[in-house]
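Welcome! Let us look at how two chains sit together in this model.

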Protein chains: 2
Amino acid sequence: MTEKHPIPGDPEHIVKSSADLADGDQMQDQLTDDHLQRAAFLAKSLSDGNRLRILLLVGDGRKSVSAIVEKLELSQPLVSHHLRELKRSLLVKVEREGPFIYYELADARILGVVRTLSKVATDLLSVRTTF
Amino acid sequence: MTEKHPIPGDPEHIVKSSADLADGDQMQDQLTDDHLQRAAFLAKSLSDGNRLRILLLVGDGRKSVSAIVEKLELSQPLVSHHLRELKRSLLVKVEREGPFIYYELADARILGVVRTLSKVATDLLSVRTTF
DNA sequence: AGTAGATATAAACATTCATTTATATGTTGA
DNA sequence: TCAACATATAAATGAATGTTTATATCTACT
């Protein structure tokens, strides 16, 4: 076997790096490393099944902690812990009302993201299973 | 202060649980716990900034490991490790060609997810900063 | 066969994270 | 003030994760 294997090229046209854009510049679809870092941070919040269940729930309308606990059958401290994480990533808004504290989804686009991820995951698995 | 605080209701119409659907049933937008679990698994793969950088890169066309290493300025074992994780979650496809191994994005919808996450993160931060 | 290059794997480490158990804080009504 | 309820916090623990350093595997050319 005496084949030639040329070194893969370097077409330098993927994503503009932060340094290429002056401060305040606006691009429709720039994805600097900072943007990716923030996206990764949000993704980390979405990387737990229980948190996704909570997000879906509060995405349908604000819910008290106890309502979430009962609906999802999780322990109260566990739900509180996850809500804290979701608040830290700004994915939920909080509202106190008497003794109850209501949590609500902060941005509806997250539901679309979850649905897309679910579909993609299903498709990837079906392809893999079919081959 | 002598207000009344009614117990929050339980409107039972959020998401159908897996048990509510016979096996093989098809719904346009069902999100069972299994689906959420798989979505969470994908999200975990997206939860690292370096992995997102790799995904964006191979989303533009297949790339060899060394090309990724040079472009992103990461160590070779680190890139290999992340590629392994991305392969495990089926987000990339692999192709050997001589001594080179090429990785390619398996599903373009992931790019949309990343872009949406980036936008949402930016918006959430701006809202929080503005208030 | 041997050498060089491309990529993967292993070991080690510090950090983060999900969960449980136990306790504290805060609010309301008696 | 006290009791009951809603929620948060703390401590503890085991498991997973990102990164580095070192080494192994695989392929191609001489």
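A turn of 180° and a shift of 0.0 Å along the axis lay chain A on chain B with an RMSD of 0.0 Å, the copies being superposed by least squares on the C-alpha atoms of residues with pLDDT of at least 70 in both. The two copies are thus related as by a two-fold rotation axis. In chain A, the C-alpha nearest that axis belongs to A:A43, 2.7 Å away.

This is a predicted model, in which local features need pLDDT of at least 70, side-chain atom pairs count only at pLDDT 80 or more, and totals for chains, interfaces and linings use all residues. Residues are numbered from 1 along each chain as its sequence is written, chains are lettered from A in the order in which they are written, and side-chain values use heavy atoms, with hydrogens and water left out.

Now to the contact itself (heavy atoms within 4.5 Å). Of the interface residues of chain A, 100% are also interface residues in chain B, so the copies meet through the same surface. Buried area here is the accessible area (1.4 Å probe) lost on putting two parts together, summed over both.

| Feature of the A and B contact | Value |
|---|---|
| Residues from chain A | 59 residues |
| Residues from chain B | 59 residues |
| Buried area | about 5100 Å² |
| Share of it on carbon and sulfur atoms | 72% |
| Salt bridges | 4 salt bridges |

A salt bridge puts a side-chain nitrogen of Lys or Arg within 4 Å of a carboxyl oxygen of Asp or Glu. One joins the side chains of B:D33 and A:R53, at 3.3 Å from N to O.
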